[in-house]
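Got the model open in your viewer? Keep the selection box handy, and we'll walk through it one stop at a time.

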Amino acid sequence: MTSTNSPKLDPLATADSQETLSSEIQDISTTYEQSVQADPKREETQPRLNYPPYRSSLLRHPTKDLHHTDPETIELYSPAFGHRDVHQLESNLTIQHNGEPIGERIVIRGRVLDGNGRPVRNQLIEVWQANAAGRYIHKRDQHPAPIDPNFSGVGRAITGDDGTYEFTTIKPAPYPWKNHHNAWRPAHVHFSLFGTDFTQRMITQMYFPGDPLFALDPIYQSITDQKARDRLVATYDHSITSHEWNTGYRWDIVLTGSQQTPMEDEDHDH
Amino acid sequence: MTTNDLTPTPGQTIGPFFGYFNAAEQVHLPFENGDNLVPPGDDRAIQLIGTVYDGEGTPIPDAMIEIWQADEHGNIPNQDGSLIRDPFAFTGWGRATTDNVGTYRFTTVQPGATDEGKAPFIHVVVFARGLLNKLHTRAYIPENKGLANDATLSALGDRAETLIAKRDGKRLLFDIHLQGNNETVFFSYPGMDYPKP
Ligand SMILES: [Fe+2]
């Protein structure tokens with residue numbers, strides 16, 4: 001169970017240039033576009049697990065086919081969270097310390113739906129993110145940008161009866177990483193979601209519109225289809241912006257369809 | 001995404017900065033007793049423990065594992081308190097991160113059968129830096145009569161072995177190989193898309 005191998009944190013980190021990476025990304029994209037043009041059924045809606053431009057994916061993706069199956073027993077249910085678990089103020093990432101964090105105050109608002117369009121009610125959403133300088137509170141983050149003593153970058157919320165959620169936070173900045181030389185991630189907020197079935201569990205990243213780093217980023221581009229990538233980009237929404245206080249973004253999230261029958265849904269109504 | 005489009009939102013990697021929990025700090029996702037579904041001193045307690053490996057057999061020190069399971073009688077939990085635990089209530093869900101040598105640990109109960117004769121399992125979901133989307137698998141309880149006639153396991157042939165935990169006293173051992181000869185079987189459920197080149 002224990003191993004004497006010391007873990008290699010970045011076994012495949014290389015000095016490849018952005019030009020090399022971008023041309024790999026472009027090649028995959030061109031091949032994908034041609035394949036979908038030939039057969040629209042090949043449209044992809046999720047990231048590839050094997051995406052060589054994201055070097056760390058090379059040894060961390062299964063090479064055998066995933067086994068298709070229907071969910072059984074516990075997989076048709078999900079853990080329960082409520083206001084016992086999450087205080088309402090936890091959705092405001094700007095009031096966790098004594099002072100105001102530095103940066104652009106934003107509100108992110110949206111709904112969580114299942115694949116049948118039903119709201120995912122009273123379920124946990126967690127977010128975590130870098131601060132306005134692109135720095136995480138994390139022992140492994142060595143980016144020499146300032147930590148903000150007034151910003152931890154973590155929030156939780158429980159969705160409403162209509163599946164809505166809202167976070168008040170600070171717009172995160174892009175940050176460098178070690179995939180290749182001069183690699184930068186587009187600004188993003190990490191989201192963690194639960195549905196009514198545990199098979200709907202998901203973790204993803206929300207991006208901001210018009211980020212100039214989109215084309216250069218192998219994590220975002222691991223979703224080969226532009227329509228699918230667009231589903232991770234929030235929309236600027238002036239109706240969420242409030243006078244002399246915050247700008248606003250809207251981002252809705254769709255989980256895979258619940259496999260619960262309506263009767264099970266009622267029995268297990270939380 | 002703000003249209004009436006009901007295509008599932010894509011996943012993305014959890015990345016390296018999902019956080020940690022220790023006596024001094026709670027950072028991001030991990031939380032106090034997230035890995036203790038029951039208190040370690042509980043009479044019923046067993047440990048589910050394993051190491052997560054990459055395709056070269058190197059342990060993965062930046063993975064997050066969640067489990068979801070029935071209680072020892074096979075009842076499916078349905079009460080809140082999954083984050084802030086009541087030691088007398090079993091919520092069935094846990095979250096742990098791998099340590100510096102890729103090992104995760106949960107203190108839990110051995111799940112009972114949810115239906116007469118059904119082989120019990122602990123559902124396991126894996127997130128990691130370098131892993132672009134979640135992976136679902138199952139840790140089946142060993143030495144159970146239901147294993148022999150479980151349709152899912154039968155369909156997997158020899159690879160079914162990767163899904164059956166090994167017993168070591170009060171421990172259930174369940175290693176996870178993301179890639180390689182011993183690659184763990186991962187499941188894809190209706191509606192999920194795992195595109196391949
Ligand atoms: Fe990040």
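Here is a tour of confidence, one helix, some salt bridges, the nonpolar cores and a loop.

**Before you click**

This is a predicted model, so local features need pLDDT of at least 70 and side-chain atom pairs count only at pLDDT 80 or more, while totals for chains, interfaces and linings use all residues. Residues are numbered from 1 along each chain as its sequence is written, chains are lettered from A and ligands numbered from 1 in the order in which they are written, and side-chain values use heavy atoms, leaving out hydrogens and water.

Colour chain B by pLDDT (the predictor's confidence in each residue, from 0 to 100). Its average is 95, and 98% of the residues score at least 70. For the complex, the predictor gives an ipTM of 0.96 and a pTM of 0.94.

**Stop 1: the helix α1(A)**

Select residues 18–38 of chain A, which make up α1. Helices here are DSSP runs of H or I with at least four residues, strands are runs of E with at least two, and both are numbered from the N terminus. With 21 residues at 1.5 Å each, α1(A) should span 30 Å, and its end C-alpha atoms are indeed 30 Å apart; the expected span is 1.5 Å times one less than the number of residues.

Now show side chains. Which residues of α1(A) are buried? They are Gln18(A), Leu21(A), Ile25(A), Ile28(A), Ser29(A), Tyr32(A), Ser35(A) and Val36(A). Buried means under 20% relative accessible area, exposed over 50% and partly exposed in between, with a 1.4 Å probe and protein chains only. Look down the axis of α1(A): the buried residues fall within an arc of 130°, so they line one face of the helix. That arc is taken from the directions from the helix axis to the C-beta atoms. On the other side, Glu19(A), Thr31(A), Gln34(A), Gln37(A) and Ala38(A) are exposed. The buried residues pack against α2 (218–221) of chain A, where contact means heavy atoms within 4.5 Å.

**Stop 2: salt bridges**

The whole structure holds 28 salt bridges over all chains, each a side-chain nitrogen of Lys or Arg within 4 Å of a carboxyl oxygen of Asp or Glu. Start with Glu44(A) and Arg48(A), whose side chains meet at 3.0 Å, N to O; both residues are buried.

Next, pick Asp62(B) and Arg60(A), with their closest N and O atoms 2.9 Å apart in a salt bridge. This pair crosses between chains, from the β3–β4 loop of chain B to the loop between α1 and β1 of chain A. Asp62(B) counts as buried because its relative accessibility is 2%, and Arg60(A) does too, at 5%.

Then select Lys118(B) and Glu72(A), a salt bridge at 2.4 Å between the closest N and O atoms. Here too the pair crosses between chains, from the β6–β7 loop of chain B to the β1–β2 loop of chain A. Lys118(B) and Glu72(A) are both buried.

To see a network of salt bridges, select Glu90(A), Glu126(A), Arg156(A), Arg201(A), Glu66(B) and Arg95(B) together.

**Stop 3: nonpolar cores**

A nonpolar core is a set of buried Ala, Val, Leu, Ile, Met, Phe, Trp, Tyr and Cys residues joined through side-chain atoms within 4.5 Å. In the largest, with 72 residues, go to Phe191(A) and Ile176(B), which touch the most other members. β7(B) gives this core its largest share, 4 residues. A second, separate core has 37 residues, including Trp93(B) and Phe127(B).

**Last stop: Asn92(A)**

Find Asn92(A) in the loop between β1 and β2 of chain A. Its relative accessibility is 18%, so Asn92(A) counts as buried. Select Thr169(A) as well: the two residues are 77 apart along the chain, yet their C-alpha atoms are separated by 6.2 Å.
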